[in-house]
2 protein chains.
Amino acid sequence: MLVVSHSNLMFGMHVYLMELHILSDKSYQEHKMATGSILVTGGAGYVGTHTVVELVEAGYDVVVMDNLVNASMESMRRVNEITGKQVPTFSIDMLDKDALRDLFRKHKILCVMHFAGLKAVGESCNKPLLYYKTNIGGTISLLEVMKEFGVYNMIFSSSATVYGSPSYLPIDEKHPVGGCTNPYGKTKYFIEEILKDICTAEKPARRLRSAVGQWNVVLLRYFNPIGEDPQGVAVGRLKELTVYGNDYDTPDGTGVRDYIHVVDLAQGHVAALKYLEKGCGCKVFNLGTGKGYSVIEMAKAFEAASGKPVPYKIAGRRAGDIASCYADASLAEKELGWKAKLDLAKMCEDLWRWQSNNPTGFRTES
Amino acid sequence: MLVVSHSNLMFGMHVYLMELHILSDKSYQEHKMATGSILVTGGAGYVGTHTVVELVEAGYDVVVMDNLVNASMESMRRVNEITGKQVPTFSIDMLDKDALRDLFRKHKILCVMHFAGLKAVGESCNKPLLYYKTNIGGTISLLEVMKEFGVYNMIFSSSATVYGSPSYLPIDEKHPVGGCTNPYGKTKYFIEEILKDICTAEKPARRLRSAVGQWNVVLLRYFNPIGEDPQGVAVGRLKELTVYGNDYDTPDGTGVRDYIHVVDLAQGHVAALKYLEKGCGCKVFNLGTGKGYSVIEMAKAFEAASGKPVPYKIAGRRAGDIASCYADASLAEKELGWKAKLDLAKMCEDLWRWQSNNPTGFRTES
């Protein structure tokens with residue numbers, strides 16, 4: 001015979017009502033928070049750390065993994081300092097499936113934000129096998145472990161480089177992809193194709209939200225994050241800026257790019273996560289400002305921000321570089337409710353401040 | 001003080017003259033024979049076994065590795081029976097680097113003929129991750145071990161599927177690649193790109209022939225090997241042939257393909273190997289007959305060869321199928337001195353004979 005005391009029933013009711021309250025009054029991810037974490041691969045890196053901060057501030061539980069090849073634990077110390085939380089951080093490599101399994105056993109993962117990978121265009125041309133192994137092999141390894149643990153949600157750091165040489169501007173998400181001119185770009189393109197194929201193959205189960213067997217994947221195609229430029233137009237920390245080509249068909253002859261502040265980029269990931277949680281299948285979004293600035297305009301903005309001259313020299317065009325590339329970012333605004341807010345001046349100010357405070361990067365003095 | 005007796009000197013001279021004789025009068029690969037082997041991955045498979053037979057008959061030492069997922073040791077027993085040699089065969093998987101290293105330690109490998117990989121178009125659509133892991137991950141693993149052992153020569157089984165939907169016919173090697181419609185085809189395309197990038201990155205050393213650090217890679221793009229059809233137009237062993245689409249813009253409305261006899265294909269590999277031995281960098285060749293036959297023509301030829309009716313039914317077009325696809329095979333004739341010799345009738349006769357003698361394939365009755 002089941003006997004339920006009045007007080008117990010009331011207690012149960014109270015908890016039930018509290019849950020209803022949570023689900024109606026607070027956002028869905030805040031409810032999810034209690035039930036699992038967002039795994040950020042490459043979370044100790046440049047875009048990774050900024051995104052971890054935004055995720056923690058939006059109320060998510062976050063777990064970081066990073067092989068620390070291009071990052072240091074110092075960056076995670078700062079993340080913990082800024083957020084006031086201790087973000088669990090695993091120093092593991094994507095290719096080490098046993099280490100991945102250990103992480104997935106220790107933490108219930110709801111979604112993977114996948115930043116990990118090598119990203120230097122020039123290096124990728126010199127060491128293509130390393131890039132294919134790390135980026136493609138690593139992603140396959142990660143996807144296999146995700147499937148083993150029933151995790152079917154991923155937000156992937158892709159790049160506008162997948163568009164190759166633009167056939168029209170601004171570039172929207174329907175622009176053809178492929179035709180990448182370097183191994184780094186190809187790894188981004190290949191991973192996109194792998195993820196699309198998996199989403200197509202593993203049909204949605206008839207359940208709400210992130211049902212088992214149903215992949216939700218958001219491919220975020222970054223334009224030119226300031227401070228980390230996969231397309232190689234570098235600023236700062238250089239005695240002299242080399243401008244590759246001043247005879248392009250652009251207002252001042254130098255290449256035009258869609259520079260984006262890393263904080264805007266990080267917030268785009270949080271917006272994508274909220275979108276993914278509703279169950280989205282495979283979706284692609286540009287993350288850019290929609291505005292193109294030339295290399296010279298960028299140099300001038302950096303001069304204004306730093307109060308120091310940025311001398312530059314003109315060099316010949318580089319193979320594979322394109323004249324202009326900027327985003328049609330309207331889809332992200334419409335679907336994700338996200339829009340880049342920070343302008344070129346702010347990007348340069350923040351980059352200058354960071355570089356002034358961290359002349360040797362994240363490395364601690366030894 | 002060095003004392004060389006007359007007889008020793010003469011002996012040395014004799015050996016030296018013999019070597020000169022070998023190098024001038026016999027072909028280079030016959031000289032190489034004594035110094036190492038050709039590793040055939042997937043060598044127990046359909047195209048693999050036929051190529052092993054041709055290689056052995058051309059005088060090469062051959063080592064086979066196969067994970068036996070789509071093949072059996074029975075096929076190697078037959079190869080040994082036909083050739084009268086015992087071809088060393090390793091039952092290992094490409095992803096098992098330790099097993100690969102063991103093979104490379106036991107046998108000096110001069111060149112890898114890389115057939116291994118999953119190849120069913122339909123299955124690849126259902127299990128993309130398995131295909132990417134096996135084909136891409138397996139090839140990366142193989143390439144890494146090759147580099148460890150200083151082996152920089154590869155002949156890769158690619159496919160005309162990399163051309164996607166033809167923009168012109170016949171398709172020559174300059175036709176654009178990419179735009180593949182299924183994961184199987186994408187794995188072929190991705191591997192081609194990986195191999196091209198490696199050849200570009202690791203510059204030729206100034207030495208003759210296959211110098212250390214200099215990759216020689218031949219990408220062989222098969223059209224439609226009879227008996228194994230990666231593009232899915234199947235004949236034989238079926239009670240009824242399903243013809244997918246009879247409303248294409250072709251003479252009889254059914255799809256037109258460039259069917260090629262597996263023995264021609266195998267001989268194309270031997271020709272490619274002789275070409276590669278001269279030091280070729282990265283080269284691409286179509287292996288096709290240059291002639292297109294419709295599915296209906298193929299069915300009629302099979303009827304003639306078998307003396308049995310081949311009933312067929314018309315079904316709708318399949319997604320991703322193209323109307324016509326046939327090769328411009330002139331480059332292989334010019335550069336490799338290779339040309340397909342066997343016609344459609346012969347292809348059908350041989351396929352029919354093989355199927356009649358092997359109703360259950362290579363499996364032995366249990």
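Contact here means heavy atoms within 4.5 Å, and that is the sense in which one part of this structure covers another in the notes below. Welcome to a predicted model in which chain A and chain B meet: the predictor gives the complex an ipTM of 0.85 and a pTM of 0.86. The briefing starts with confidence and overall build, moves on to the interface, and ends with some local details.

**Confidence**

- The average pLDDT of chain A is 86, and 82% of its residues score at least 70.
- One stretch to treat separately is residues 1–33 of chain A, where the pLDDT is below 50; in the model this stretch has 16 contacts beyond near neighbours in sequence.
- Another is residues 229–236 of chain A, again with a pLDDT below 50, and here the model shows 25 contacts beyond near neighbours in sequence.

**Overall build of chain A**

- Chain A contains 12 helices and 14 strands.
- Of its 366 residues, 52% count as buried.
- Among contacts in chain A with a separation of 6 or more, 80% come from residues 24 or more positions apart.

**The interface between chain A and chain B**

- On the chain A side 21 residues are in contact, and they meet 21 residues of chain B.
- The size of an interface is often given as the accessible area lost when the parts come together.
- For chain A and chain B that buried area is about 1900 Å², with carbon and sulfur atoms giving 71% of it.
- Three residues, Leu129(A), Phe190(A) and Asp197(A), supply 30% of the area that chain A buries against chain B, which is more than any other three residues.
- Charge also plays across this boundary, where the rule finds six salt bridges.
- One pairing between the chains is Lys186(A) with Glu193(B), a salt bridge whose closest N and O atoms are 2.8 Å apart.
- Polar contacts between chain A and chain B come to eight residue pairs, with both residues at pLDDT 80 or more.
- The elements that give two or more residues to the chain A side are helix 6 (121–126), helix 7 (128–148) and helix 8 (183–201) of chain A.
- By residue type, the side of chain A that touches chain B has 13 nonpolar, one polar and seven charged residues.

**Salt bridges within the chains**

- Over all chains, the structure holds 37 salt bridges.
- Glu123(A) pairs with Lys127(A), and their closest N and O atoms are 3.9 Å apart. Glu123(A) is partly exposed at 32% relative accessibility, and Lys127(A) is also partly exposed, at 42%.
- Lys346(A) forms a salt bridge with Asp350(A), with the closest N and O atoms 3.2 Å apart. Both residues lie in helix 12 (residues 344–357) of chain A, four residues apart, or about one turn of the helix.
- An α-helix has 3.6 residues a turn, so residues three or four places apart point the same way.
- The two partners in chain A fall into separate exposure classes: Lys346(A) is partly exposed at 30% relative accessibility, while Asp350(A) counts as buried at 16%.
- In chain B, the side chains of Lys346(B) and Asp350(B) meet in a salt bridge at 3.2 Å, N to O. They sit four residues apart in helix 12 (residues 344–357) of chain B.
- Lys346(B) is partly exposed, with a relative accessible area of 29%, and Asp350(B) is buried at 16% relative accessibility.
- Salt bridges with shared partners also join Glu74(A), Arg77(A), Arg78(A) and Glu81(A) into one network.

**Helix 4 of chain A**

- The buried residues of helix 4 (residues 73–83) of chain A are Glu74(A), Ser75(A), Met76(A), Val79(A), Asn80(A) and Thr83(A).
- What covers these buried residues includes helix 3 (46–57), strand 2 (62–65) and strand 3 (89–90) of chain A.
- After helix 4 of chain A comes Gly84(A), with a positive phi near 70°.

**A buried threonine in chain B**

- Thr139(B) belongs to helix 7 (residues 128–148) of chain B.
- With a relative accessible area of 2%, Thr139(B) is buried, because the cut-off is under 20%.
- Leaving aside residues up to four places away in sequence, Thr139(B) touches Met94(B), His114(B), Thr134(B) and Ile191(B).

Methods. Residues numbered from 1 in each chain as written. Chains lettered and ligands numbered in written order. Heavy atoms only, no water. Buried area = accessible area lost by both parts, 1.4 Å probe. Salt bridge = Lys/Arg side-chain N within 4 Å of Asp/Glu carboxyl O. Polar contact = N/O pair within 3.5 Å; in protein donor to acceptor, adjacent residues only side chain to side chain. Nonpolar A, V, L, I, M, F, W, Y, C, P; charged D, E, K, R; others polar. pLDDT = per-residue confidence, 0-100. Buried < 20%, exposed > 50% of the residue type's maximum accessible area, 1.4 Å probe, protein only.
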